[in-house]
Amino acid sequence: MEAEVSAPSGFIVAPVNAGEIVNEGIELMVGINPVRTTNFRWDIDANFTQFENTVTELPEGIEQLSLATFSALSSLIVEGEPYGVLVGTAYQRNEQGQLIIGADGWPLINTEQIKVGDPNPDWIAGIRNSFTFKGLRLSGLIDIRQGGDIWNGTKGVMDGLGVGEESGRDREVTGFVYEGVTESGEVNTTPVDFANPANGASGIKWKRNGFLGLAEDNIEDGSWVRLRELTLSWTMPKLWFNNVFLQGATVTFSGRNLWLDTDYSGVDPETNLRGDTNDTGWDYFNLPNTRSYTFSLNLNF
Amino acid sequence: MKKIYLLPIIMLLAALPACDFGSINVDPTRQSDANPNEILPSAIAQSARNILSIGGRVAGTVVQHFTGIEAQPLSYTTYLIDEQTLSVFWETGLYVGAMKDCALLIEKAEAENQPYYEGIAKVLMAFNLGIATSYWGDVPYSQALQGTASLKSPYDTQESVYQSIQGLLDEAIAAFGAEPVIGGPAGDDLIFGGDPGRWQATAYALKARYLMHLTRRNPGAAAEALMMMENAFQTAAEQPTFFFGNIDNESNPLALFGKERPQQMVVGDFLANLMISRNDPRRSKYWFVESGRREFFSLTNTELVWGQRSSPLALITFTELQFLKAEALLRTGEEGKASQTYTMALIHSMEENGIPSSQYNAYLAFNAGFSGLSTFEEKLERIITQKYVALYGQNPTEAWADYRRTGFPKLEVPPNATSSFNPSLVIPERFLYPISERTTNKENYEAAIQRQGGHLMDVKLWAFE
């Protein structure tokens with residue numbers, strides 16, 4: 001891998017043999033057949049994967065490897081952290097985890113980027129139910145992902161431009177007092193207005209932390225349940241084809257991505273800025289999944 | 001028979017752990033090394049770009065030559081200048097960009113006995129080091145740029161960096177005094193076409209500039225700088241100017257930013273109001289107003305002098321040198337000469353902006369000389385404030401150094417400023433070290449921060465304290 005090295009050496013990257021990673025978890029696959037009669041059959045196929053990965057070793061002298069970097073966020077390989085951990089801009093907190101609030105009432109930004117999320121899911125599962133009745137077959141695949149953080153950069157920028165949902169909803173909020181302590185350790189009592197034009201750009205909650213917003217503010221849980229696929233097919237009875245040149249026919253109607261349940265505020269948490277790469281958990285004006293419907297007619301001669 | 005086949009395989013396997021890769025990693029379709037004449041153009045072009053790429057834009061916003069109104073430039077105006085902001089500038093602008101080229105050039109020139117290449121590379125190295133130390137104070141140099149021999153460079157104190165700068169320039173001056181040799185710089189020297197005299201004069205001018213950076217530290221700085229100026233260039237035609245091209249690929253970095261990022265950055269209110277209040281004829285050369293914005297760039301408004309893709313940038317201008325001279329004369333008690341030189345500097349600024357005397361005479365009547373001023377501070381303020389106006393579009397980094405060592409012009413912290421990276425909310429005194437240093441060179445980074453008492457923007461640098 002290419003490791004970033006200190007620029008004053010005269011180089012930016014050096015090739016290194018990357019370190020070690022430990023993956024621990026379980027994978028389960030179950031196939032059951034709860035109902036089976038002459039004409040009707042119900043099958044359930046399920047799989048479940050739960051694993052934790054931890055980077056256990058990096059080459060000597062290398063503190064981190066970068067998979068991808070934006071100004072406010074990076075996907076990194078850091079010893080002791082999960083692969084591709086999200087590190088980015090965040091608020092300043094004291095040892096108790098309380099926000100540190102500046103004299104103007106707004107929370108201060110940490111001077112260093114820190115860990116803000118783990119894009120790896122806690123577990124993923126898929127359940128396929130298939131029902132067969134004579135020539136009719138109905139089959140559906142439900143995909144579940146639990147956990148896995150996503151950086152919603154799209155939201156950060158749109159709120160910053162004043163066209164995001166949150167910046168529209170909360171812009172009238174006035175006199176809000178952030179829960180936290182001042183730099184001298186006292187409970188914060190200074191109120192702020194979320195978007196008072198009189199206070200200029202840094203008096204706007206969604207603008208004061210920069211173009212992308214603070215990475216911490218835009219990290220969301222990427223859990224989902226979705227109906228990945230639903231297929232209905234009908235194979236016409238063989239009897240019908242006794243005296244014709246056709247031997248058989250099947251009609252299939254199927255749809256993909258028909259239903260999605262998620263708390264993610266973007267379009268769809270199943271997305272990644274750079275596609276199928278090792279740096280996961282980035283949503284930055286990505287194209288969402290498409291919903292598709294297919295009709296097919298299969299004729300056997 | 002089997003043994004015969006196995007033997008070479010066993011030998012080969014036995015040889016593997018010990019073998020180096022030989023030439024297997026050398027791509028025969030690529031050039032594996034470069035000659036000085038192939039390195040010099042990029043060293044020069046990158047040095048010129050470093051004046052007004054992101055480093056200059058951020059420094060220019062800090063001194064309020066510019067105001068950010070949207071996106072990243074807005075963050076500079078609100079002091080949201082974090083460890084990430086200048087990371088790429090540190091890397092590809094300075095150390096791995098121009099400075100790496102200079103280090104290679106110096107090494108090759110010394111090995112091949114090419115004194116003029118050596119001299120030019122040392123001038124450029126000193127110039128880039130001047131930017132680095134005026135942004136960050138302690139920076140790596142004496143043990144840096146050694147490649148794989150030392151991937152983690154310790155930081156030199158700012159005091160020793162300024163000594164290195166003067167040392168490099170002295171060595172350059174000596175190198176330019178050598179007899180010419182065959183194969184010296186010519187057309188690949190994009191500034192002077194290989195003329196050692198011109199480069200030597202530039203080295204003296206830069207010596208004067210970096211001596212004057214230390215007026216708070218070195219009581220003899222002004223007198224020494226005046227001596228250097230005697231050997232520096234004496235006309236604008238002799239200044240080290242780099243000419244950009246009128247297409248994007250060859251563009252002045254400020255203009256390119258204006259083209260690619262419209263409506264994000266405009267001419268700063270402080271500078272503009274200062275010029276408007278004095279009816280300064282250079283205004284129309286610096287900006288034009290569109291929909292209430294003071295635009296610094298246009299593809300069509302050819303009156304803008306510093307907002308064209310082909311607007312030149314000089315390592316140091318004759319105008320700047322004249323202002324430095326006026327200040328040095330004032331500091332050495334030569335008030336009369338200081339006043340005259342200051343007026344000449346102001347006239348040079350008008351002329352480099354293409355303003356005819358008929359248009360600037362009225363301005364001079366109110367702004368030339370020291371008439372009406374009594375104290376040293378008032379005179380210094382007049383010189384530095386006019387220098388600040390003159391440096392617009394040409395060198396915000398120097399305007400920032402001037403502000404930090406003199407307190408002029410009297411800038412005010414913008415009402416939008418935020419305190420996360422500047423807890424005491426002052427006009428920034430420095431930049432934060434780049435995130436890449438924290439993650440790749442942590443021990444040295446932390447030692448440098450500790451030595452300087454922090455690296456947030458309200459921590460004064462040694463030079464300007």
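How many buried residues does strand β3 (residues 20–36) of chain A have among its 17 residues? Select that strand and take a look: the count is zero, and β3(A) is hardly covered. Keep in mind throughout the tour that you are viewing a predicted model.

**Stop 1: the hairpin in chain A**

Leave β3(A) selected and add strand β4 (residues 40–57) of chain A. The two strands run antiparallel, joined by 15 bridges. Three residues lie between β3(A) and β4(A), and together the strands form a hairpin. To find one particular pair, pick A:E24; its bridge partner in β4(A) is A:E52.

**Stop 2: the open sheet in chain A**

Next, select β5, β6, β7 and β9 of chain A. These four strands make an open sheet in the order β5-β6-β7-β9, with antiparallel pairing. Why do β5 (64–69) and β9 (114–117) each have one side without a neighbour in the sheet? Both stand at the edges, and each has a single partner strand, so one side is left free of a neighbour. Turn the sheet slowly to see its twist, which averages 45° from one strand to the next.

Now zoom in on β6 (residues 73–78) and β7 (residues 85–88) of chain A. Four bridges join this antiparallel pair. Pick A:L73 and you will find A:G88 of β7(A) opposite. While you are here, show the side chains: in a regular strand they alternate between the two faces of the sheet.

**Stop 3: where the chains touch**

Colour the two chains separately and go to the contact between them. Chain A contributes 25 residues and chain B contributes 39 residues. On chain A's side, 10 are nonpolar, 11 are polar and four are charged.

**Stop 4: chain B as a whole**

Hide chain A for a moment. Chain B contains 19 helices and six strands. Its C-alpha trace spans about 105 × 55 × 45 Å along the principal axes. For 465 residues, a compact globule would have a radius of gyration near 23 Å, and the 24 Å of chain B agrees with that. Of the 465 residues in chain B, 54% are buried. Looking at contacts in chain B between residues at least 6 apart in sequence, 74% join residues at least 24 apart.

**Stop 5: helix α6 of chain B**

Finally, select residues 115–136 of chain B, which form helix α6. Is this helix mostly covered or hardly covered? Mostly covered: 22 of its 22 residues are buried. At 1.5 Å a residue, the helix should span 32 Å, and its end C-alpha atoms are 31 Å apart, which agrees. Step just past the helix to B:G137, where phi is positive, near 75°.

Terms used. Residues are numbered from 1 along each chain as its sequence is written. Chains are lettered from A and ligands numbered from 1 in the order in which they are written. This is a predicted model: local features need pLDDT of at least 70, side-chain atom pairs count only at pLDDT 80 or more; totals for chains, interfaces and linings use all residues. The expected span of a helix is 1.5 Å times one less than its number of residues. A residue is buried if 20 or more other C-beta atoms lie within 10 Å of its own, exposed if 12 or fewer, and partly exposed in between; C-beta atoms are placed from the backbone. Two strands pair if DSSP finds at least two bridges between them. Axes are lines fitted to C-alpha atoms, for helices over the stretch in contact, and angles run from 0 to 180 degrees between N-to-C directions. Two residues are in contact if their C-beta atoms, placed from the backbone, lie within 7 Å. Ala, Val, Leu, Ile, Met, Phe, Trp, Tyr, Cys and Pro count as nonpolar, Asp, Glu, Lys and Arg as charged, and the others, Gly among them, as polar. The radius of gyration is taken over C-alpha atoms; the globule rule is 2.2 Å times the number of residues to the power 0.38.
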